[in-house]
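Follow the description below with the sequence and the coordinates open. It goes from one buried side chain to helices, a surface patch and aromatic rings.

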Amino acid sequence: MTEKEEEKSMDCVSDQEREIAQLALSEFQKGNYSACLQNIHKLEVRTFDLKVAHNKLVAEYYKNDLRSTETFQKNLAAFYSQFKLRLEKLDDVDHCVAHYNQAVLLYHQKQYTQAIRIMERVYKFIEPMDENLAQQVGLLLVELQMSTKQLDKASGLLSFLENQLFHSHPVILKQGEKPAKMIDKDKKMCTVSSTTIDQFKKKLQMYKARCFLMKHSLGAASEEIEKIEEQSEMTIAARFLRANLLYLQGNCEAAMEILNGISSEADFGSR
């Protein structure tokens, strides 16, 4: 089969295959990874479909509780070889998720520079990218920039992501409505759920607070942390931020009080 024939075949998805793919996604989102894999196996006749092959790798990794990282990395390398993909080259938005996962692995291995190189290529496709993946791509790149102390870049990217969230006029879905996408000639408008927007907003606030703390912009950090505390009901992450702020303000005793409280809760929860 030629490359053009493969591309045409990938675009030809039967209604039954589409339904199976949706079932696999639904089971994955529920955490039923065995059921997800059962549905993916039904699609393995599509040997030319890199999405099926990639999703199988990810589902297997999750089924093993994300413990078999070395195996996942080897399988991902084999996947790249099978579909003739190259980490140093990215020219198709459909390949972005595989590159993203490779960058995630490198991040956890603290190979930040290599991960950033990959993510900078992925980020160029953020406009036509699936909304959920675009959010993850943006946040991972922010995390990598902060991990390498590129705080000005991280701040700029956070501002861009926040601007996209609050000024692109997304259509909010009511419960029960199905998401849809409308693609204009020069502009993409995606419908996203209010829950997704709220979760992404909270993540942006956490990153902004961390970034302000790292830059020692304590006034701005304090304002952001107050917003987080009002919305997140004092989660452990929010309390860590508050303790960090107090420490940087020189109030070590109050910071220790918060940290001791978190430690006590962790000890109690482990019994």
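Contact here means heavy atoms within 4.5 Å. The model is predicted. With that cut-off in hand, start at Q145, a residue of helix α8. Leaving aside residues up to four places away in sequence, Q145 touches I116, Q150, L151, K153, A154 and L157. Q145 counts as buried because its relative accessibility is 7%, and buried means under 20%.

Helix α8 (131–147) also belongs to the surroundings of another helix, α6. What covers the buried residues of α6 includes α8 together with α4 (50–63), α5 (69–82) and α7 (112–123). The residues of α6 that are buried are C96, A98, H99, Y100, N101, Q102, A103, L105 and L106. Helix α6 runs over residues 96–108, and its 13 residues should span 18 Å at 1.5 Å a residue; the end C-alpha atoms lie 19 Å apart, so the two values agree. Just after this helix, K110 has a positive phi of about 60°.

A similar description can be given for α12 (236–248). This helix has 13 residues, and the 18 Å from its first C-alpha to its last is close to the 18 Å expected at 1.5 Å a residue. Its buried residues are A238, R239, L241, R242, A243, L245 and L246. G250, just after α12, takes a positive phi of about 90°.

Which residues make the nonpolar surface patch of about 350 Å²? They are I236, F240, M256 and L259. Helices α12 and α13 (252–269) each supply at least two residues of this patch. M256 sits in α13. This methionine counts as partly exposed because its relative accessibility is 44%, a value in between the 20% limit for buried and the 50% limit for exposed.

The last topic is the aromatic rings. A pair of such rings is described by the distance of the centres and the angle of the planes. The count comes to eight aromatic pairs. One of them joins F79 and Y80 edge-to-face, at 6.1 Å centre to centre and 90° between the planes. F79 also pairs with F83; this pair is tilted, with 5.2 Å between the centres and 50° between the planes. Are these three residues buried or exposed? F79 counts as buried because its relative accessibility is 3%, Y80 is buried at 6%, and F83 counts as buried at 16%. Elsewhere in the sequence, ring pairs link F28, Y33 and Y62 into a cluster.

Definitions and conventions
Residues are numbered from 1 along each chain as its sequence is written. This is a predicted model: local features need pLDDT of at least 70, side-chain atom pairs count only at pLDDT 80 or more; totals for chains, interfaces and linings use all residues. Side-chain values use heavy atoms; hydrogens and water are left out. Helices (H or I, at least four residues) and strands (E, at least two) are DSSP runs, numbered from the N terminus. The expected span of a helix is 1.5 Å times one less than its number of residues. Buried means under 20% relative accessible area, exposed over 50%, partly exposed in between (1.4 Å probe, protein chains only). Patches are made of residues with over 30% relative accessible area and no salt bridge: like charges are joined within 9 Å, nonpolar side chains (Val, Leu, Ile, Met, Phe, Trp, Tyr) within 5 Å. Accessible areas come from the Shrake-Rupley method with a 1.4 Å probe; for residues, only the protein chains shown count as cover. A salt bridge is a side-chain nitrogen of Lys or Arg within 4 Å of a carboxyl oxygen of Asp or Glu. Rings of Phe, Tyr and Trp (its six-membered ring) pair if their centres lie within 6.5 Å; planes under 30 degrees apart count as stacked, over 60 as edge-to-face and the rest as tilted.
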